[in-house]
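Please open the structure in your viewer and keep the selection panel at hand. The tour proceeds by selections, each followed by a description of what is there.

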Amino acid sequence: MSELALLNNYLLVGGLLVAIGMIGFLVRRNLIVAFLSVEVMLQGVSLSLVAWGRHHQDWGGQLMVLLVIAVAACEAAIAMVLVLMLFRQSGTLDLAFWQDAREETAPRYIDQQVPEELEEDRVWPQLTPAGAEPAVDEERRLHRPQV
Amino acid sequence: MSETLWLLGAPWIAGQTEGADSAAAVVAETAAPTWRVVGLVLAVVVALLTVRRWRSGKRFGVPCGALLTLGLLAWSVPSTAQTWLDGAIGPVWRAVGPVVSHPLTWAVGLGAAALLAMIPRGTRRQFQAGLALGVVSLGFWARVAPGLAAPLDQTVFWALALTTLGGAAMTISVRSPVYSAIWFAQSLLGAAGLFFFQGAQFLGLATVVVYAGAIVVTFLFVIMVAQPEGHATYDRLTWRLWGHGASPITSKHVSVLVGAALVAVLAYAIGAPGIEPARREIAKLLPQARDAQKQRLIADDDLVEVAAEGEGVLVQVRGTVDEQRAEALGAWLAERRGGAVRVERLSSERNVLHSAHMAHLGAELFGRQLLSVELAGTLLLAALVGAVAIAIQGKDIDAVEAPAGE
């Protein structure tokens with residue numbers, strides 16, 4: 001029963017990816033991370049589609065995933081342009097900046113208890129210095145033995 | 001750990017209520033003496049390490065150590081102590097045992113707790129605790145998921161699934177959006193590996209080239225242009241359910257609960273019997289189907305689908321099975337099962353695992369699904385034009401036209 005076991009495993013992984021993506025989209029306040037979570041959900045769906053395609057010996061699964069990739073590309077392009085426009089108007093990637101677009105009955109979201117950034121987190125990636133020029137011998141440069 | 005739970009709950013799940021004899025028999029037949037000694041030794045070692053950690057003042061990991069010790073003790077303890085345990089907690093266990101000792105409960109519960117700890121939080125310790133919980137929960141998921149035939153297959157699949165799921169969990173957990181994009185790229189690599197594992201080679205390639213190579217790079221370009229200064233506060237916070245933030249229950253808890261419920265229902269439904277009873281029944285009969293020379297008529301993997309056809313059953317097998325064997329199988333099944341059984345060989349075009357994968361995928365894509373391809377191309381063009389239109393909307397068009405007019 002290896003084929004059925006393969007199907008079950010892939011459906012489990014796909015379902016977990018969809019759940020993780022959904023949680024990420026609902027929880028994060030950063031525009032970019034929210035869109036990345038949606039892409040994670042699309043990956044989960046792709047895995048499930050391919051698994052069902054193999055189970056039923058139908059090419060439709062893989063064709064659907066190709067179309068999903070194409071649509072995800074279009075969606076990412078438009079979404080990124082919109083994020084850029086929003087950033088230009090607001091100067092921040094925070095979704096809470098645009099909360100005036102909420103329903104009338106929903107209360108306003110107010111930041112409380114903002115945690116202090118820990119000392120250990122206040123670091124930036126260290127890059128090795130580059131572009132060092134080699135030491136030049138001025139004597140040799142000015143008075144070349146050969147021309 | 002799940003072994004422990006199974007041992008504790010076994011007499012009631014198995015339906016035996018004798019008590020001492022059944023519990024002893026269960027323990028005797030499941031845990032061999034050498035393993036129980038090993039378990040005892042491990043329990044003592046873990047207990048000593050836990051006590052040492054507690055003494056040195058570091059509290060992190062002590063509850064895990066204590067739980068691990070108890071679990072190992074419960075697993076390795078001799079049968080007399082087991083029977084006492086059985087008697088003491090019997091009635092309670094009878095009620096909740098089957099649910100609590102099912103590995104699926106632990107898998108989903110620990111995974112949800114892990115995600116809760118990993119999503120933007122106050123401290124780094126909480127994140128590490130979440131990671132540890134996630135690892136333990138993966139162990140339970142491995143128990144829940146059915147095993148593939150060959151151990152090599154299973155190992156490769158687990159490695160790829162771990163890459164994919166770990167990358168996805170980190171995508172939603174890390175604070176910086178750049179790190180998020182990189183973790184998503186890793187998740188895509190794992191998904192591409194899973195596509196290759198399924199035999200969908202073009203899709204694996206397309207995922208790496210298009211998704212990880214173009215879409216994630218687009219995300220990174222946009223982050224480069226739309227960069228907040230420093231580590232933003234909103235990256236360290238999550239939404240709250242009610243605006244004033246007084247409630248301890250945040251959108252984090254509710255969304256994780258909903259996600260866990262979704263996954264639990266899905267996992268339970270996948271494993272539950274009764275979805276395809278006819279298919280399971282026929283698949284079980286296949287290994288016994290032999291011809292006069294005692295050769296197997298058909299391999300397990302060649303069974304594609306079982307469908308109802310009138311009063312009987314239609315069995316579809318792969319095109320690689322030859323004609324005579326298919327007919328012999330049909331006759332054997334009809335005789336064995338009763339009722340009409342017709343065996344149909346699928347054409348090789350429908351064989352997704354064909355060796356000329358690209359040729360068949362191309363034939364299918366540009367033959368039967370040509371309209372979809374053209375529509376997808378049009379959609380891409382529309383998205384491109386739309387993106388440029390939105391971006392250019394903010395610019396001053398007159399300044400561009402003025403120099404050309406002079």
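The stops below concern the interface between two chains of a predicted model.

**First stop: the whole interface.** Select chain A and chain B together. Here 89 residues of chain A are in contact with 108 residues of chain B. The area buried between the two chains is about 9100 Å², and carbon and sulfur atoms give 72% of that area. Next, select A:Arg28, A:Gln57 and A:Trp59: these supply 10% of the area that chain A buries against chain B, more than any other three residues. How many salt bridges does the rule find across the interface of chain A and chain B? The number is zero.

**Second stop: H2(A) and H8(B).** Select residues 31–55 of chain A, which form helix H2, and residues 151–173 of chain B, which form helix H8. The two helices pack at an angle of about 160°, with their axes 9 Å apart. Because angles over 145 degrees count as roughly antiparallel, H2(A) is roughly antiparallel to H8(B). Their crossing is left-handed. To display the contact, select A:Val33, A:Leu36, A:Ser37 and A:Val40 on H2(A), then B:Ala168, B:Thr171 and B:Ile172 on H8(B). Of these contact residues, five are nonpolar, two are polar and none is charged.

**Third stop: H3(A) and H14(B).** Select helix H3 of chain A, residues 60–90, and helix H14 of chain B, residues 357–368. The angle here is about 75°, and the axes lie 10 Å apart; H3(A) and H14(B) are therefore roughly perpendicular to each other. On H3(A), the contact is made by A:Gln62, A:Leu63 and A:Leu66; on H14(B), by B:His357, B:Leu361, B:Glu364 and B:Leu365. The contact residues comprise four nonpolar, two polar and one charged.

Definitions and conventions. Residues numbered from 1 in each chain as written. Chains lettered and ligands numbered in written order. Predicted model: local features only at pLDDT ≥ 70, side-chain atom pairs only at ≥ 80, totals over all residues. Heavy atoms only, no water. Axes fitted to C-alpha atoms, helices over the stretch in contact; angles between N-to-C directions. Helix = DSSP H or I, 4+ residues; strand = E, 2+ residues; numbered from the N terminus. Parallel < 35°, antiparallel > 145°, perpendicular 65-115°, else oblique. Left-handed = near helix turned anticlockwise from the far one by under 90°. Contact = heavy atoms within 4.5 Å. Nonpolar A, V, L, I, M, F, W, Y, C, P; charged D, E, K, R; others polar. Buried area = accessible area lost by both parts, 1.4 Å probe. Salt bridge = Lys/Arg side-chain N within 4 Å of Asp/Glu carboxyl O.
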